[in-house]
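User: I would like to go through this model with you and ask, for each label, what stands behind it. Please set the values against the cut-offs as you answer.

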Amino acid sequence: MSAPSFHHRYEPGTDSGRAPLLLLHGTGGDENDLLPLGRTLAPGAALLSPRGPVLENGMPRFFRRLAEGVFDEADVRRRADELAAFVGQARAAYGLGAPIAVGFSNGANIAAAVLMRHPEALAGAVLLRAMVPLADTLAARLPGTPVLILSGAQDPIVPAANAGRLAADLAGAGARVEHQTLPAGHGLTQMDVGLAKAWLDRL
């Protein structure tokens, strides 16, 4: 069986009742960044944490951007396809069910792109400080796919209208979207952790 194609960390689960988590870091992070968050959000879940394959000034990302908030959409599409393929490879290699993505910033954006292009790859998603990754109309169908979007009211990177449009696009495709805007900036807070954990516990 071919090895999964992204440099990654994998932690086997101890609770078979929990869906695996696909942990997707922000710009400058790596495959180790979100493991502690994953352990906190879903104790006992298997954790799959790839490193973004694109370097921007030496910082790993999951796709190229032309400027802050301006994405190279051709690269977004290609990288989302590659990540979906990696998820399929990892599921076969490690015997996993479909994972729930937990993405922060750039990782949340690539998770949203995977939902849009390969809805079968994910069982759901927690999108932390996400933006609309692709301007073209969402063609995928996401019947009942659970999605939590947590935005920051003082986020200098993600405009409120953009996060709202992402929520509307995913809901329009059939996803079961919960979108909350927190009194926070772009960084994660304990409120994010508590809300995301409670949401995952309800699934």
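User: How many salt bridges does a search of the whole structure find?

Analyst: The model is a predicted one, and a search of the whole structure finds 18 salt bridges in it.

User: What makes the pairing of arginine 79 and aspartate 75 a salt bridge?

Analyst: The side chains of arginine 79 and aspartate 75 meet with N to O at 3.2 Å, and the cut-off asks for a side-chain nitrogen of Lys or Arg within 4 Å of a carboxyl oxygen of Asp or Glu, so the pair qualifies. As for their place in the chain, the two residues are four apart in helix H2, which means that about one helical turn separates them.

User: Why are arginine 79 and aspartate 75 called buried?

Analyst: Buried means under 20% relative accessible area. Arginine 79 has a relative accessible area of 15% and therefore counts as buried, and aspartate 75, at 5%, is likewise counted as buried. Leaving aside neighbours within four places in sequence, aspartate 75 is in contact with Val54, Phe63 and Arg64.

User: How do you know that glutamate 82 and arginine 78 form a salt bridge, and how are they placed in helix H2?

Analyst: The closest N and O atoms of glutamate 82 and arginine 78 are 3.2 Å apart, which is within the 4 Å that the definition allows, so the label applies. These two residues are also four apart in helix H2, with about one helical turn between them. Glutamate 82 has a relative accessible area of 28% and arginine 78 one of 42%; partly exposed covers the range between 20% and 50%, so both residues take that label.

User: Which residues are linked in a network of salt bridges?

Analyst: Asp75, Arg78, Arg79 and Glu82 are linked in such a network.

User: Why does the pair of arginine 77 and aspartate 136 still count as a salt bridge at 3.9 Å?

Analyst: The limit is 4 Å, and the closest N and O atoms of arginine 77 and aspartate 136 are 3.9 Å apart, so the pair falls within it. This pair links distant parts of the chain, since arginine 77 is in helix H2 while aspartate 136 is in the loop between S9 and S10, 59 residues apart. Arginine 77, at 27% relative accessibility, counts as partly exposed, and aspartate 136, at 43%, is partly exposed as well.

User: What is notable about phi in asparagine 57 and arginine 129, and is each residue buried or exposed?

Analyst: Phi of asparagine 57 is near 50°, a positive value in a residue other than glycine, and arginine 129, also not a glycine, has a positive phi of about 65°. Asparagine 57 is found in the loop between strand S4 (54-56) and strand S5 (59-61), and because exposed means over 50%, its relative accessibility of 75% earns it the label exposed. Arginine 129 is in the loop between S9 and S10; its relative accessible area is 1%, which is under 20%, and therefore it is called buried.

User: Which residues of the largest nonpolar core touch the most other members, and which element gives the most to this core?

Analyst: The core has 41 residues, of which Leu22, Leu24, Phe86, Ile110, Leu127, Leu166 and Leu170 touch the most other members. Two or more residues come from each of strand S2 (21-24), helix H2 (73-94), helix H3 (106-117), strand S9 (124-128), strand S10 (146-152) and helix H4 (160-172), and H3 gives the most, with eight residues. Apart from this core lies another, of 20 residues, among them Leu35, Val102, Leu150 and Trp199.

User: What is in contact with leucine 22, once its neighbours within four places in sequence are left aside?

Analyst: The contacts of leucine 22 include Leu48, Pro50, Phe86, Val87, Pro99 and Ile100.

User: How much space lies in the largest pocket, and which residues lie nearest its centre?

Analyst: About 260 Å³ of space lies in the largest pocket. Its lining is made of 21 residues, with Gly26, Thr27, Ser105, Asn106 and His186 nearest the centre, and by class this lining has seven nonpolar, nine polar and five charged residues.

How values were computed. Residues numbered from 1 in each chain as written. Predicted model: local features only at pLDDT ≥ 70, side-chain atom pairs only at ≥ 80, totals over all residues. Heavy atoms only, no water. Core = buried A, V, L, I, M, F, W, Y, C linked by side-chain atoms within 4.5 Å. Buried < 20%, exposed > 50% of the residue type's maximum accessible area, 1.4 Å probe, protein only. Contact = heavy atoms within 4.5 Å. 1 Å grid on protein atoms, 1.4 Å probe; cavity = no way out; pocket = protein on both sides within 12 Å on 5 of 7 lines; lining within 4 Å. Points joined across faces, edges and corners; volume = space filled by probe spheres on them. Nonpolar A, V, L, I, M, F, W, Y, C, P; charged D, E, K, R; others polar.
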